[in-house]
Amino acid sequence: MTTTNPTPLTLLGLGAMGTALAHTWLTAGHPLTIWNRSPHRAQALTTHGATAAPTPADAIAANQLIVVCLLDDASVEETLTGTDLTGKDIVNLTTSTPDQARTRATWAEQHGARYLDGGIMAVPPMIGNPDTGAYVLYSGNRPLYDTHWRTLAVPASTTYLGENPGHAALYDVALLSGMYGMIAGITHAYALLRADHIPTQDFAPLLTSWLTAMTFTAPKTAHQLDTGDYTKDVVSNLAMQAGADTLLRTAQDQGVSTELLAPFVDLMKRRVADGHGDEEFAGLVDLLRTT
Ligand code: FVH
């Protein structure tokens with residue numbers, strides 16, 4: 001996306017993600033100042049028009065808009081400490097916990113900056129490719145977002161979640177948690193198949209279409225949670241799903257560990273034992289809460 005008078009900005013962090021971000025802003029004509037702890041990563045970008053700063057302080061002094069994309073919150077702390085953030089707009093795309101994001105927002109405001117936190121829902125090859133569905137979740141300072149969203153939308157589309165600076169991180173981790181649950185299921189399914197020497201690539205299309213068909217569970221469970229009616233529209237109740245030990249027995253018979261599957265089966269059994277065998281999955285959400 002090329003815009004007239006593209007906003008100049010600074011990018012701290014040129015790992016795989018930072019480098020992908022940098023290329024999109026340079027391609028769109030944004031004057032870009034860059035800094036990376038290991039300077040060699042900046043060199044290739046300077047041949048594409050970026051200006052490499054020798055220190056984080058120099059990079060921050062160059063522009064009002066500062067995008068941070070480092071490994072973790074500790075590296076953000078190390079990089080920003082001692083720099084002058086007065087009047088700066090900090091957009092932190094580093095993966096953090098919600099508490100870390102809120103603490104970082106307060107810290108930045110105490111240092112005279114506005115703060116927006118971001119959770120990148122993409123891997124580097126998706127950046128700058130709108131067809132991939134890449135997007136970045138943002139939360140925190142609304143005026144900052146309103147000022148800079150066009151620049152932020154260059155690498156990937158943007159979704160603003162509200163003023164709580166921890167919410168982008170919370171949504172990010174929730175989405176990743178859903179993803180890891182799915183990958184855990186895929187891992188277990190392939191282990192079952194390989195025990196019988198069945199090529200997993202033959203099975204993959206079946207698994208893909210089955211998982212896709214089952215995604216209705218997400219909006220259905222959300223509706224049950226939001227209405228408080230956990231038995232509405234139940235089709236396959238927990239008593240049936242958890243009652244038979246078919247899943248765990250098959251794993252044992254195939255010589256496959258139940259370590260991925262057993263915790264979820266145990267949770268379903270607990271809910272049934274509590275007298276809720278007529279529900280599907282909404283009640284399990286309550287069981288998981290520890291506070
Ligand atoms: N890559 C991905 O698939 C995911 C997709 C979703 C979002 N994540 C998050 O993005 C952040 C950066 O990830 P990355 O892929 O760029 O990570 P690396 O390639 O490992 O680069 C890490 C950069 O952080 C610098 N760094 C590390 N420690 C320090 C430190 N103590 N002080 C200053 N900089 C530090 C590192 O510098 P160097 O090793 O080159 O000197 C890289 O620039 C991340 O939060 C992901 O969770 C990516």
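**A ligand shell and strand β5**

Visitor: What makes a residue part of the group that surrounds the ligand in this predicted model?

Guide: A residue belongs there if its C-beta atom, placed from the backbone, lies within 6 Å of the ligand; 22 residues surround the ligand, and the closest are Gly15, Arg37, Ser38, Ser75 and Thr95. Helices α1 (16–27) and α4 (73–80) each supply at least two residues of this shell, which by class has nine nonpolar, nine polar and four charged residues.

Visitor: How do you know that both faces of strand β5 (residues 89–92) are covered?

Guide: A residue is called buried if 20 or more other C-beta atoms lie within 10 Å of its own, and Asp89 and Val91 on one side of β5, like Ile90 and Asn92 on the other, are all buried, so both faces of the strand count as covered.

Visitor: Why are β4 (residues 65–68) and β5 called paired strands?

Guide: Pairing requires at least two bridges between two strands, and because four bridges join β4 to β5, the two are paired, running parallel. Within this pair, Val68 has Asn92 of β5 as its bridge partner.

Visitor: What makes β5 and β6 (residues 114–121) a pair?

Guide: The cut-off of at least two bridges applies here too, and β5 and β6 have four, in the parallel sense, so they pair; Asp89 stands opposite Arg114 in β6.

Visitor: Why is the unit of β5, helix α5 (residues 98–110) and β6 called right-handed?

Guide: With the strands pointing away from the viewer, the path from the first strand over the helix to the second must run clockwise, and β5, α5 and β6 make such a right-handed β-α-β unit. Another right-handed β-α-β unit is made by β4, α4 and β5.

How values were computed. Residues numbered from 1 in each chain as written. Predicted model: local features only at pLDDT ≥ 70, side-chain atom pairs only at ≥ 80, totals over all residues. Nonpolar A, V, L, I, M, F, W, Y, C, P; charged D, E, K, R; others polar. Buried ≥ 20, exposed ≤ 12 C-beta atoms within 10 Å, placed from the backbone.
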